[in-house]
Amino acid sequence: MSQSWANSGLDLHLDTWTRGRGSRVRASLEAGLRAAIQSGRLAPGTALPPSRALAYDLGVARNTVTEAYAQLIAEGWLIGRQGSATRVAQRPGEVGPDGAATFPQSAPPRYDLRAGFPDVSSFPRAEWSAAERAALTNAPSSALGYGSPSGAVELRAALAGYLARARAVRLRSDRLVVCGGFTSGLGLIADALRARGIERVAVERYGHAKHRAVLAAAGVRTFALPVDAGGAVPEGLDEVGAVLLTPAHQFPLGAALDAKRRSAFIAWAARTGGLIIEDDYDGEFRYDRRALGAMQALAPDHVVYGGTASKALAPGLRLGWLVVPPTLLNTIVERMDASHQQPGVLAQLTLATFIESGRYDRHVRRVRTAYRMRRDKLVDGLTRRAPALRTIGLNAGLHLTLELADSASETEVVERCAARDLAVDGLAGYHAGGAPDRSGLVIGYATPPPHAFSAALARLLTALD
Ligand SMILES: Cc1ncc(COP(=O)(O)O)c(C=O)c1O
């Protein structure tokens with residue numbers, strides 16, 4: 001017989017006997033719960049209804065439910081904790097309903113100095129909530145429909161003002177497409193390139209592995225450009241239809257793209273009709289060098305500019321934006337429309353309010369000061385404890401690179417850090433393929449929450465001793 005439980009706001013559908021001897025009802029309840037867990041219908045971590053409520057709803061005695069829960073706890077299907085709800089347990093090597101193993105849930109490292117993350121504990125929760133409340137109050141009901149595939153007009157207007165003011169981007173709001181982070185935007189660009197018959201894209205020899213994977217998934221082959229103290233080297237471009245660059249702050253080596261090379265990339269794009277994809281992932285964070293404006297301003301018809309809220313706010317927001325040249329705009333918007341990957345409208349309207357009210361700039365200034373202090377502490381520690389090692393890319397961003405003698409020392413230091421429960425990446429993971437020509441650690445000093453930063457730093461320095 002089917003029953004549902006709804007009195008305290010949770011629905012739990014179970015196929016179970018509710019009549020007959022208590023032991024039969026209990027066995028049937030246990031079997032129903034086991035089957036629901038085994039099939040994946042009740043996922044690990046799901047809170048079950050309190051025994052009194054479930055008993056009321058099923059019309060059975062309360063101790064029938066408590067005994068069934070106790071039995072399933074003993075068998076490892078459920079977890080019971082004093083003072084909190086009984087939950088579905090996570091079981092190692094679990095197999096999902098389709099026969100595939102469930103996604104492994106590895107324990108996060110206690111200390112984390114991996115690059116690519118801001119300090120998410122500094123996310124301005126109260127200010128974001130206030131902006132969200134204001135956005136929801138002011139939005140007409142029509143704003144809650146499917147909306148434009150380019151993104152909410154309010155956010156595009158706010159971003160157009162911000163990007164022109166703070167990053168010197170040349171744009172009108174109708175050239176902006178809001179996307180689910182830069183990585184998702186890159187997927188749209190890759191699809192649009194393929195639609196134009198472009199099969200090869202140049203990438204920096206050291207760069208984000210996920211970005212190379214996104215290009216590969218779209219069927220685009222990559223060609224690696226050398227990277228040195230002046231950023232990416234513009235050579236061998238005859239073979240490619242587009243180039244992906246991090247001009248303001250090469251990721252992860254930290255150089256700003258040399259002015260002559262900027263001109264050379266732009267001259268190539270103008271001559272061949274090639275496209276430059278500018279990944280401006282941490283343009284807000286400059287410490288002791290002049291802020292570099294976006295490369296897009298030099299050639300708005302040849303550059304797709306990409307930005308993200310992942311560094312200044314939080315990656316979990318999944319909010320990013322593209323400023324697209326007119327020739328590519330329709331294709332990108334069509335791809336977005338077909339992909340159904342637009343970020344939720346409420347998050348878009350909240351970010352618009354956050355920017356327009358000045359909270360975004362205030363937050364960036366606040367965290368920039370905090371990250372700069374962390375960077376100074378890290379450089380100070382490295383200078384004292386590992387004076388022979390050279391650091392590069394210090395004057396901007398949320399990470400720096402510490403050069404090591406060879407790949408063996410890189411592996412050894414990463415392992416020594418891991419033995420101290422500290423996660424840090426070696427340069428090899430950023431290399432586009434072939435034999436890496438340099439070794440080192442990429443240290444993301446923004447990643448740990450403030451209370452864990454000193455301990456993470458101490459562990460790193462001990463591992464380097
Ligand atoms: C080089 C680079 N570009 C862009 C991003 C941002 O990607 P997304 O906006 O998809 O979070 C990151 C984040 O780690 C990055 O390291």
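Here is a short chat between a student and a tutor about the chain shown above. This is a predicted model, where local features need pLDDT of at least 70 and side-chain atom pairs count only at pLDDT 80 or more, while totals for chains, interfaces and linings use all residues. Residues are numbered from 1 along each chain as its sequence is written, and side-chain values use heavy atoms, with hydrogens and water left out.

Student: How many helices and strands are there in the chain?

Tutor: Let's say what counts: helices (H or I, at least four residues) and strands (E, at least two) are DSSP runs, numbered from the N terminus. On that basis the chain has 13 helices and 19 strands.

Student: What share of the residues is buried?

Tutor: Buried means under 20% relative accessible area, exposed over 50%, and partly exposed in between (1.4 Å probe, protein chains only). Of the 465 residues in the chain, the buried ones make up 49%.

Student: Which helix gives the most to the largest nonpolar core?

Tutor: A nonpolar core is a set of buried Ala, Val, Leu, Ile, Met, Phe, Trp, Tyr and Cys residues joined through side-chain atoms within 4.5 Å. The largest one has 60 residues, and those with the most contacts inside it include Trp321, Tyr360 and Leu460. Eight residues of this core come from its top contributor, helix H13 (residues 450–464).

Student: Is Ser51 buried or exposed?

Tutor: Ser51 sits in helix H2 (residues 51–58). Leaving aside neighbours within four places in sequence, Ser51 is in contact (heavy atoms within 4.5 Å) with Arg62, Val65, Thr66 and Tyr69. Its relative accessible area is 11%, so Ser51 is buried.

Student: Where is Pro252, the residue after the cis peptide bond from Phe251?

Tutor: Most residues other than glycine have a negative phi, and most peptide bonds are trans. The bond from Phe251 to Pro252 is cis, with omega near 5°. As for its place, Pro252 is in the loop between strand S11 (242–245) and helix H8 (259–272).

Student: Is Ala168 buried or partly exposed?

Tutor: Ala168 has a positive phi of about 55° although it is not a glycine. You'll find Ala168 in the loop between helix H5 (153–167) and strand S6 (176–179). Its relative accessibility is 37%, so Ala168 counts as partly exposed.

Student: And His340, buried or exposed?

Tutor: His340 also isn't a glycine, and its phi is positive, near 55°. The loop between helix H9 (326–339) and helix H10 (345–356) holds His340. With 66% relative accessibility, His340 counts as exposed.
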